[in-house]
Amino acid sequence: MGSPVVLGIESSCDETGAGLVRDGRLLGHAVASSMDEHARFGGVVPEIAARAHVHALHPVVRRALDQAGLELSDIGAVAVTSGPGLAGALQVGLAGAKGLAFGLGVPLYGVHHLAGHVAADTLAHGPLPDPCVVLIVSGGHTSLLLVRDLAREPVVHLGDTLDDAAGECFDKVARVFGLPYPGGPAIDRAARDGDPRAVAFPRPLTGPRDDPYAFSFSGLKTAAARWAESYGGAELPVADGAASLQEAVADVLTRKAVAACRAHGVGTLVVVGGVAANSRVRSLAEERCAASGIELRVPPLRLCTDNGAMIAAVGDLLVRAGAEPAPLDLAVDPSAPLERAALQPRGWTEAAPGRAFQTASAS
């Protein structure tokens, strides 16, 4: 008999996702987005997101089960995003996951949202090579990681953003350019008709004395805003601005990622997260990896943005690795750093592979 079916639940921001995975194979998944409700505000409103999760959670789980041809009784474990993310949104998903785990009498696993993005690639391309370099690019996170065994070993951070994430830069500049929210897809669409060499936007932190793997997009965002202001109300060549901005972001991301692979002798680069759906990031990564003899792995577009399948993928890995389930007093951690794929309540410490103990200081 194989591993149990793992239900994954994702509710960290504005997507409510449910996915079902067993033995590394995606059986079914469904996503509901509240993005349209946030668009008129130019960004995600936490209270609106949390309320949307309340309404969407049960239907999304039901749709995922129907797609897989399964019933609730077929679920053998529940995995849920318990951080990082919006506190209220996380609470909705965690409460639902706890109720299902308790009602079904199955183990519960708290999962780090970013580990989910890493694991999403396994659903399309199989197990991650050990080691591999992972570039996570999303609206809230931009990091370069060295990953070995995602379920058993700590994640090594090679570099992180010092300020804005790449997706955040896209969102904020899109607003300045008069483009709709979400900004990433809008920038990508506008850039198709533009010249990526039209505006000489800076490439932050690419000098010889800079941290080779750290990112900074705040200055690029400011440069784009000043460029727009320089037109003084005249018609803005949005397509050229979007194409030039996108080229700058893609250049920095892929340049540093390929350099990290070379420096660490790693033959595989995995690019994940919402910004991995950007057409220029994908194409430039393909060009540079091919030129360097590096295998590039990018999940299909439907698995790049937030979804429950990626959380189920982590849960499946944890189950097969014999990881200790989380207790039912698992709490959300909205600012959890990515150290391991599994999140436990504060005060829990790894004791041995697959086991954990609670420290004396924990309440």
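These legends walk through several close-up views of a predicted model.

**View 1. The largest pocket and the residues around it.**
Let us start with the largest pocket, which has a volume of about 1,100 Å³. Its lining is made up of 38 residues, and the closest to the pocket centre are Ser 138, Gly 139, Gly 140, Asp 171 and Tyr 181. Three elements each give two or more residues to this lining: helix H4 (113-120), helix H6 (166-176) and helix H7 (183-191). The largest share, 6 residues, comes from H6. Sorted by character, the lining residues divide into 13 nonpolar, 15 polar and 10 charged.

**View 2. Helix H12, a largely enclosed helix.**
Helix H12 covers residues 308-320. Its 13 residues should span 18 Å at 1.5 Å a residue, and the C-alpha atoms at its ends are 18 Å apart, so the expected and modelled spans agree. Of those 13 residues, 10 are buried, so H12 is largely enclosed by the rest of the structure. The buried residues are Gly 308, Ala 309, Met 310, Ile 311, Ala 312, Ala 313, Val 314, Gly 315, Asp 316 and Leu 318.

**View 3. The two ends of H12, and a residue from far along the chain.**
At the start of H12, look for Asn 307: a side-chain oxygen of this residue reaches to within 3.1 Å of the backbone nitrogen of Ala 309. After the helix comes Gly 322, with a positive phi near 75°. Back at Gly 308, you can also find Ser 11, 297 residues away along the chain, with 8.3 Å between the two C-alpha atoms. Ser 11 sits in the loop between strand E1 (5-10) and E2. With a relative accessible area of 1%, Ser 11 is buried.

**View 4. Phe 201 and Trp 227, an edge-to-face pair.**
The structure holds 4 aromatic pairs. In the pair of Phe 201 and Trp 227, the ring centres are 6.1 Å apart and the planes stand at 85°, so the pair is edge-to-face. Phe 201 lies in the loop between H7 and helix H8 (218-229), while Trp 227 belongs to helix H8, so the pair ties together parts that are 26 residues apart in sequence. Both Phe 201 and Trp 227 are buried. They also belong to one aromatic cluster with Phe 177 and Tyr 231.

**View 5. Phe 215 and Phe 217, a stacked pair.**
Here the ring centres of Phe 215 and Phe 217 are 6.2 Å apart, and their planes meet at 10°, so this pair is stacked. Are these rings buried or exposed? Phe 215 is buried, with a relative accessible area of 0%. Phe 217 counts as buried too, at 0% relative accessibility.

**View 6. Two cis peptide bonds.**
Which residues does a cis peptide bond join, with omega about 5°? They are Asp 130 and Pro 131. Pro 131 is placed in the loop between helix H5 (122-125) and strand E6 (132-137). Another cis peptide bond runs from Tyr 181 to Pro 182, with omega near 0°. Pro 182 is in the loop between H6 and H7. You have met Tyr 181 already, among the residues closest to the centre of the largest pocket.

**View 7. Positive phi at Asp 23 and Leu 205.**
Asp 23 is not a glycine, yet its phi is positive, at about 50°. You will find Asp 23 in the loop between strand E2 (15-22) and strand E3 (25-33). Its relative accessible area is 40%, so Asp 23 is partly exposed. Leu 205, also a residue other than glycine, has a positive phi near 55°. Leu 205 is found in the loop between H7 and H8. At 22% relative accessibility, Leu 205 counts as partly exposed.

**View 8. Phe 102, an exposed aromatic residue.**
Phe 102 takes its place in helix H3 (residues 87-104). This residue is exposed, with a relative accessible area of 63%. Val 78 is 24 residues away from Phe 102 in sequence, and their C-alpha atoms are 9.7 Å apart in space.

Definitions and conventions
Residues numbered from 1 in each chain as written. Predicted model: local features only at pLDDT ≥ 70, side-chain atom pairs only at ≥ 80, totals over all residues. Heavy atoms only, no water. 1 Å grid on protein atoms, 1.4 Å probe; cavity = no way out; pocket = protein on both sides within 12 Å on 5 of 7 lines; lining within 4 Å. Points joined across faces, edges and corners; volume = space filled by probe spheres on them. Helix = DSSP H or I, 4+ residues; strand = E, 2+ residues; numbered from the N terminus. Nonpolar A, V, L, I, M, F, W, Y, C, P; charged D, E, K, R; others polar. Expected span 1.5 Å × (residues − 1). Buried < 20%, exposed > 50% of the residue type's maximum accessible area, 1.4 Å probe, protein only. Polar contact = N/O pair within 3.5 Å; in protein donor to acceptor, adjacent residues only side chain to side chain. Phe/Tyr/Trp six-rings, centres within 6.5 Å; stacked < 30°, edge-to-face > 60°.
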